[in-house]
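Open the model in your viewer and keep the selection panel at hand. The stops below go from one helix pair to the next and end at a ligand.

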Amino acid sequence: MTKDNKNNKNKKPKFNMYWIYGGVIVIFLAMQVLGGSGFDETNPTTPSQFMTFLQDGDIDKVEIVNRREAKVYLTAEAEAKDVHKKSKPSSLLPSSTKAPNYRFEFGDLQNFEDDIATVIKAENLDPRPKVEYKTEQNLWGDFLIGLLPFVLLIGVWIFIMRRMSGGSGGGGAGGQLFNIGKSRAKLFDENTDVKTSFKDVAGLEGAKEEVQEIVDFLKNPDKYTNLGGKIPKGALLVGPPGTGKTLLAKAVAGEAQVPFFSLSGSDFVEMFVGVGASRVRDLFKQAKEKSPAIIFIDEIDAIGRSRGKNNMSGSNDERENTLNQLLTEMDGFGTNSNVIVLAATNRADVLDKALMRAGRFDRQIFVDLPDVRERKEIFEVHLRPLKKADDLDIDFLSKQTPGFSGADIANVCNEAALIAARNGKKAVDKQDFLDAVDRIVGGLEKKNKIITPGEKKAVAFHEAGHATVSWMLEHAAPLVKVTIVPRGRSLGAAWYLPEERLIVRPEQMLDEMCAALGGRAAEKVIFNQISTGALSDLEKVTKQARAMVTIYGLSEKVGNLTYFDSSGGNEYGFTKPYSEKTAELIDNEISRIIEEQYQRAINLLEENKDKLTQLAEVLLEKEVIFKDNLEKIFGKRPYVIELPITEEIQKPISDEEE
Ligand SMILES: Nc1ncnc2c1ncn2[C@@H]1O[C@H](COP(=O)(O)OP(=O)(O)OP(=O)(O)O)[C@@H](O)[C@H]1O
Ligand SMILES: [Zn+2]
């Protein structure tokens, strides 16, 4: 905003504010009167009576209002026959008026919906009773409660507006004020802004294929509707943060050459009653005007969280109203409106089931963390704008970044460029990338952390111990990288490639325990003394051993039984489901298992003391070693771990020592 404008505004006389207050109140009142249903006194009934009517096939339609009240419309026959007379003291309303025959509050929406579905199925009702969802505003309650903070906040807001001079000219503070119910969606126009295409989205083959269909729907809707098919209204992109959900949605818009409305679920939520719902309404109105179009709602969980899971505060009415409005809009627009809603979430499991019903977000598209091959493609995309050294090995980089999301990789590339620039290099080379990866994995390298040479040696042997043992054992996870560079709170770490196993055999568990104990065993073998550095190893091993004995029934002495309770277990937690004698047996078994594996690790390391020492020395010198260094010392690993080709590496397991 220009200076003129600002001055202008400051000159405005004060009474103007009161004028605005008055206007708001009048408009608010009018909205309530026009929009609200008022009070209609229809006969109350109870949920169980309702279920009886439903079973008898006497129900034509149920309207679910505000997710807590049902309005019931009987079928014409039921009304004519005047059945259920006993349950309703006054006469039925004539069927020409559309007032419901009954209304009642049911407790939990989910249960209620389930009950209805069960009855419909059991009775095989035909025609099926209709179930519709509505939002209605309660005339005075919401109004009075909503008004006070509203007025106060408007005061504050106008104050802030005047100072910040935000907004785009014209209306000034007043204009801003009346825009509160307007959607905050960012519009990317097809001609100018939506330039993203599938080429910019690396990997994600499956997801791209699925959204390709949506592109098709948007481009040639007739092709589908001519055959009587219905165009889907929405799809849910589900996946961890930073995996490219927003990118994918944008690419759909770019490929279909349609406008793209983008906003986040939290944009709907304001402290004012009714604002969210009105924003939803406005958003859909805008999108329909520009149709075909895509609406993208990021973080839909902000409004779509299922009811009753996390609300104690009672402040969720507003969120629910917003959700209801969204559902109503999605149900409302015809299949021919050519607006497709894409929504993204990290957690589909917390979403209200109502969102996933047919005709809403009935498609789920999974956007997973990238595997090695996909990571390579993502690197290629983000390396394009960088000046990189000629010998940069992208395969190597993608192998070094298991568990990284697309956003992490974009971050690595950027960070590497910054590091190279800081060091005055002409091109970004391998070392810059490795430093960037380290920085992102474990925070800044603490080069200045005070660690004595003795400590460093101990850490090197400890980590070398892990590496040696896991190299020698068939079922231990193969190592990716070992480091003794202090980082964060840890002095060293080893990264493994975990295998995805569905069924784990005891040999595998034991090998893993042995490898985890390899650190302490190495300290014992080399220095004949142990340290506190193995805390996290011991914790892991103890848990594993306990699980073997008490959960998986893998101890012969305890037998084929489990003390695991899938129903959540004993809520009081002070009685054990076994006797003192068994408790002792369990303890003995746990320590026997651990002791055996410790001894095994010791023996292995005694036998390979020279190699262990060699490895530790390389570690001390280089601080970081990879698989290749291990192969130089030990030769090729005799055991090949067969990894599925595509789904290779999940998150690295890092074993960190305090
Ligand atoms: N598959 C990919 N190909 C290329 N770049 C990607 C990919 N995935 C992510 N990125 C990069 O990461 C950035 C962030 O991704 P995006 O915002 O789409 O993630 P998101 O899944 O929507 O994350 P969030 O759940 O946090 O909203 C993108 O702008 C892009 O630079
Ligand atoms: Zn360790």
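For two helices, an angle under 35 degrees counts as roughly parallel, over 145 as roughly antiparallel, 65 to 115 as roughly perpendicular, and the rest as oblique. The angles run from 0 to 180 degrees between N-to-C directions, and the axes are lines fitted to C-alpha atoms, for helices over the stretch in contact. Helices (H or I, at least four residues) are DSSP runs numbered from the N terminus.

This is a predicted model, in which local features need pLDDT of at least 70 and side-chain atom pairs count only at pLDDT 80 or more, while totals for chains, interfaces and linings use all residues. Residues are numbered from 1 along each chain as its sequence is written, and chains are lettered from A and ligands numbered from 1 in the order in which they are written.

Select α21 and α22 (residues 580-607). Their axes are 9 Å apart and the packing angle is about 125°, so α21 and α22 are oblique to each other. The crossing is right-handed (the near helix is turned clockwise from the far one by less than a right angle; anticlockwise is left-handed). For the contact (C-beta atoms, placed from the backbone, within 7 Å), show Val541, Thr542, Ala545, Arg546, Met548, Val549 and Thr550 in α21, which meet Ile586, Glu589, Ile590, Ile593 and Ile594 in α22.

Keep α21 (residues 535-551) and add α20 (residues 506-527): this pair packs at about 160°, with axes 9 Å apart. The two helices are therefore roughly antiparallel, and α20 passes α21 in a left-handed crossing. On the α20 side the contact includes Pro506, Met509 and Met513; on the α21 side, Asp537, Lys540 and Val541 are among the residues.

Next, select α19 (residues 453-472) and α23 (residues 609-622). Their axes come within 8 Å and cross at roughly 125°, which makes α19 oblique to α23. This crossing is right-handed. Residues to display include Phe461 and Ala464 of α19, with Leu612 and Leu615 of α23.

Finally, centre on ligand 1. Which residues are closest to ligand 1? They are Gly244, Lys245, Thr246, Gly406 and Ala407, out of 19 that surround the ligand (C-beta atom, placed from the backbone, within 6 Å). Colour α10 (245-256), α15 (372-383) and α17 (406-422), each of which supplies at least two residues of the shell. Ligand 1 lies between domain 2 (182-366) and domain 3 (372-442), because both give residues to its shell; the domain bounds come from an automatic or database domain assignment.

Definitions and conventions
Two residues are in contact if their C-beta atoms, placed from the backbone, lie within 7 Å.
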